[in-house]
Amino acid sequence: VRSLVVEPGSITGPVQADAESSRDVVISITQIDEAGWQRLIEAMACEAVWAAKLLEGVVPDGLEDMFLGCGTPLVPSREQVQATGQDAGRRSGWRLAALAWIAAERMHRDPLVILMIRGLACDVLVERIGNHRALRATGESVAHPPILLDPVLAAGPPLAECLDTWWRPHGHVPSVEREPH
C-alpha cells in the first residue's frame, strides 16, 4: 500500500502486488445522513462529557451505544461497506485485504477517524455540539445559571448616598477570631 487516503465515505489507496503495477483500491462506506447527525448532536449536547472527550481525542465510553440509541450505528454493517479495485487482475482479493489491513491499523491508532469516514470529522462534530449547547442556553454559553436576587437587595442604596461611605462594610460582618502571629 503506497498511501492511504481517508475521506468521508471512502478509504482509498494505490496497492502494488509483486511485480505488477500499483492499482487503485477503494473501500466505500455509507455515510450517516444529516438527519442522523442532527439526532446524534442533539443527544450529545445534553451532556458536556461527549464534547470534552472528543475534544481530547479520546473515545468516550458508550459512544457506540449512543449511536445505536439514535438509530445510526457507528460501525457500518456489512451491507454498508463495498470494496472495489481498478482492474485488479488475479491479486484483487490480496490488494483489497492489504488496504483493509492498513486502514484497520490507522483506525487502531486513531479510532475517532471512523467519525470522518461516516461523514463528519471529529472537530466539526465537537463544534456543532458546542453550538447546539449554546443555543439551548438561550444564546449564552455559561458555566453556571444566573443568580436570582431580591430586587431591593440587588439594587442597593442610591449611588449618591454611598459616595462618603463606599469603603465601609454595609450590613453585618461576621466576627472572626484572629490568630496570634
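User: How do you know how much confidence to place in this model, and where in the chain is confidence lowest and highest?

Analyst: The mean pLDDT of the chain is 83, and 82% of its residues reach 70 or more; the model is a predicted one, and pLDDT is the predictor's own confidence in each residue, from 0 to 100. Within the chain, confidence is lowest in helix H7 (residues 151-155), where the mean is 67, and highest in H5, where the mean is 94.

User: What makes up the secondary structure of the chain, and in what order do the elements run?

Analyst: The chain comes to eight helices and four strands, and from the N terminus on the elements run β-β-β-α-α-α-β-α-α-α-α-α.

User: How do you know that strand E3 pairs with E2 and with E4, and in which direction do the strands run?

Analyst: Two strands count as paired if at least two bridges are found between them. Strand E2 (residues 10-15) and strand E3 (residues 23-29) are joined by six bridges and run antiparallel, with threonine 12 standing opposite valine 26 in E3. Between E3 and strand E4 (residues 81-85) there are five bridges, and these strands too run antiparallel; here isoleucine 27 has alanine 83 in E4 as its bridge partner. Both pairs therefore satisfy the requirement of at least two bridges.

User: Why is serine 10 called buried, and what does it touch?

Analyst: Serine 10, which lies in strand E2, has a relative accessible area of 13%, and because buried means under 20%, serine 10 is called buried. Not counting residues up to four places away in sequence, serine 10 touches Val5, Val26, Ile27 and Ser28.

User: Why is isoleucine 102 called partly exposed?

Analyst: The relative accessibility of isoleucine 102 is 29%, and since partly exposed covers what is neither under 20% nor over 50%, this residue counts as partly exposed. Isoleucine 102 has its place in helix H4 (residues 92-109), and, leaving aside neighbours within four places in sequence, is in contact with Val1 and Leu4. The C-alpha atoms of isoleucine 102 and valine 1 are separated by 7.6 Å, although the two residues are 101 residues apart along the chain.

User: What makes glutamate 127 exposed?

Analyst: Glutamate 127, in helix H6, has a relative accessible area of 52%, and because exposed means over 50%, the residue is called exposed. The C-alpha atoms of glutamate 127 and isoleucine 41 are separated by 10.0 Å, with their positions 86 residues apart along the chain.

User: How do you know that the buried residues of H1 line one face of the helix?

Analyst: The residues in question are Gly36, Trp37, Leu40, Ile41 and Met44, which are buried in H1. Seen down the axis of H1, these buried residues fall within an arc of 135 degrees, so they line one face of the helix.

User: What are the buried residues of H2, and how do you know where they stand around the axis?

Analyst: In H2, the buried residues are Trp50, Ala51 and Leu54. They cover an arc of only 90 degrees around the axis, which puts them on the same side of H2. After H2 comes glycine 57, whose phi is positive, near 85 degrees.

User: Which residues touch the most other members in the largest nonpolar core, and which elements give two or more residues to it?

Analyst: This core has 22 residues, and Trp37, Met44, Leu54, Phe67, Leu115, Leu125 and Ile129 touch the most other members. The elements that give two or more residues to this core are helix H1 (34-44), helix H2 (48-56), helix H3 (63-69), helix H5 (113-117) and helix H6 (122-136). A second, separate core holds eleven residues, including Val25, Ile29, Ala103 and Val113. As for leucine 115, leaving aside neighbours within four places in sequence, its contacts are Trp37, Leu54, Phe67, Leu74, Leu120, Cys122 and Leu125.

User: How do you know that cysteine 46 is in no disulfide?

Analyst: The closest cysteine sulfur to that of cysteine 46 belongs to cysteine 70 and is 9.4 Å away, and because a disulfide needs sulfur atoms within 2.5 Å, this is too far for a bond. The structure holds zero disulfides. Cysteine 46 is exposed, with a relative accessible area of 53%, whereas cysteine 70 is buried, with a relative accessible area of 15%.

Definitions and conventions
Residues are numbered from 1 along each chain as its sequence is written. This is a predicted model: local features need pLDDT of at least 70, side-chain atom pairs count only at pLDDT 80 or more; totals for chains, interfaces and linings use all residues. Side-chain values use heavy atoms; hydrogens and water are left out. A nonpolar core is a set of buried Ala, Val, Leu, Ile, Met, Phe, Trp, Tyr and Cys residues joined through side-chain atoms within 4.5 Å. Buried means under 20% relative accessible area, exposed over 50%, partly exposed in between (1.4 Å probe, protein chains only). Contact means heavy atoms within 4.5 Å. The arc is that of the directions from the helix axis to the C-beta atoms.
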